[in-house]
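Please walk through this fold with the model open beside the text. Which parts form its core, and how do they pack?

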Amino acid sequence: MLPTRPRTAVQRELGRQAYEPVWHAMQRFTDTRGDATADELWVVEHDPVFTLGQAGKAEHVLAAGDIPVLHVDRGGQVTYHGPGQIVVYPLLDLRRLGIGVRDYVCRIEQAIIDTLDEWNIGAERLDGAPGVYVGGAKIAALGIRVRRGCSFHGLALNAALDLEPFHRINPCGYAGMQVTSVLDLGGPSGIEAIKPVLLSHLAQQFGLELHATPELPDLTMRL
């Protein structure tokens, strides 16, 4: 049960960033937050990168070429991040919100489905394959981690990006899986029209009131 009054959450627009510094910043935020720490949503575009989840199998990377491959601590197999893709990292205290992991995933998927509906794109879930699909083609990937009841990592919505790198992998571990984008389905040609709609639906799903700040998280690489 979500709170009846929206909780304040911080929205940070990171712009375009390399993957690894943002990943480590998420880890630090999660490891150092306390019971009173406000939830945050980080919005970012990443430089081209393939990421393999904790149980990710290297054979699902078919031909990485010039794109780096990182083994990370989220769930799931391999996916691609790159310019033109909207990545949102919800850094939420799920215990405080009173929701479990399965409900958390379903709420993210529903926010994406509702976002796509704004452009009359009919999207759906597929049993056993987290993410959001249109006509069987994947348009949004989910990869999450929950530590001490708090979430990090998140979602990637293919807005208007070059889909060629997905041919270099078995997306999410599925050979031959088709991938699509909002642009290819008749939606906006850039991410700026989609971001506020997606963030609004995410806020609605989690009972949050977002307050944007120009301050970036500490992206200093530290071991």
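Helix α1 has 14 residues and reaches 20 Å from its first C-alpha to its last. That is close to the 20 Å expected at 1.5 Å a residue. These are values from a predicted model. The helix spans residues 19-32. Most of α1 is covered, with 11 of its 14 residues buried. Among the buried residues are Tyr19, Pro21, Trp23, Met26 and Phe29. The buried set also includes His24, Gln27, Arg28 and Thr30.

What does α1 lie across? In one sheet, α1 lies across β1, β2, β6 (85-91), β9 (137-147) and β10 (150-158). Its direction runs at about 150° to β10.

That sheet is open and has eight strands. Their order is β7-β8-β9-β10-β6-β2-β1-β11, and the pairing is mixed. At the edges stand β7 (124-126) and β11 (208-213), each paired on one side only. From one strand to the next, the twist averages 25°.

Now follow some of the pairings. Strand β1 (residues 7-17) runs parallel to strand β2 (residues 39-46), and eight bridges join them. One of the partners to look for is Glu45 in β2, which bridges to Arg16. Next, β2 runs antiparallel to β6, with five bridges between them. Here Val43 stands opposite Val88 in β6. On to β10: β6 pairs with β10 in the antiparallel sense over four bridges. In this pair, Val87 has Ala156 in β10 as its bridge partner.

How many residues of β6 are buried? Seven of the seven are, so β6 is largely enclosed by the rest of the structure. Its side chains go two ways. Gln85, Val87, Tyr89 and Leu91 point one way, while Ile86, Val88 and Pro90 point the other way. Both groups are buried.

There is also an open sheet of three strands, in the order β4-β3-β5, again with mixed pairing. The edges are β4 (69-71) and β5 (78-81). Each has a single partner strand, so one side of each is left without a neighbour in the sheet. The twist averages 25° from one strand to the next here. Strand β3 (residues 49-52) runs antiparallel to β5, and four bridges join the two. Leu52 stands opposite Val78 in β5. Helix α1 returns at this point. It packs on the three-stranded sheet, touching β3, β4 and β5. The direction of α1 makes about 15° with that of β4.

Turn to helix α4 (residues 195-206). It lies across β1, β2, β6, β10 and β11, running at about 25° to β6. Its 12 residues should span 16 Å at 1.5 Å a residue. The end C-alpha atoms are 17 Å apart, which agrees. Is α4 enclosed or left open? Nine of its 12 residues are buried, so α4 is largely enclosed by the rest of the structure. The buried residues include Lys195, Leu199 and Ala203. After α4 comes Gly207, whose phi is positive, near 65°.

Helix α4 has a helical partner too. Two packed helices are described by the angle between their axes and the distance between the axes. The axes of α3 (residues 101-117) and α4 come within 8 Å and cross at roughly 140°. The crossing is right-handed. From α3, Tyr104, Arg107, Ile108, Gln110, Ala111, Ile112, Asp114 and Thr115 take part in the contact. From α4, they meet Val197, Leu198, His201, Leu202, Gln205 and Phe206. The contact residues divide into eight nonpolar, four polar and two charged. Those six residues of α4 also belong to its buried set.

One residue of α3 deserves a separate look. Where does Glu109 lie, in a helix or a strand? Glu109 lies in helix α3. Its relative accessible area is 5%, under the 20% cut-off, so Glu109 counts as buried. Which residues does Glu109 touch? Leaving aside residues up to four places away in sequence, Glu109 touches Arg125, Pro130, Gly131, Val132 and Leu142. Of these, Arg125 falls within the residues of edge strand β7 (124-126), and Leu142 falls within those of β9 (137-147).

How values were computed. Residues numbered from 1 in each chain as written. Predicted model: local features only at pLDDT ≥ 70, side-chain atom pairs only at ≥ 80, totals over all residues. Heavy atoms only, no water. Pairing = 2+ DSSP bridges. Axes fitted to C-alpha atoms, helices over the stretch in contact; angles between N-to-C directions. Contact = heavy atoms within 4.5 Å. Expected span 1.5 Å × (residues − 1). Buried < 20%, exposed > 50% of the residue type's maximum accessible area, 1.4 Å probe, protein only. Left-handed = near helix turned anticlockwise from the far one by under 90°. Nonpolar A, V, L, I, M, F, W, Y, C, P; charged D, E, K, R; others polar.
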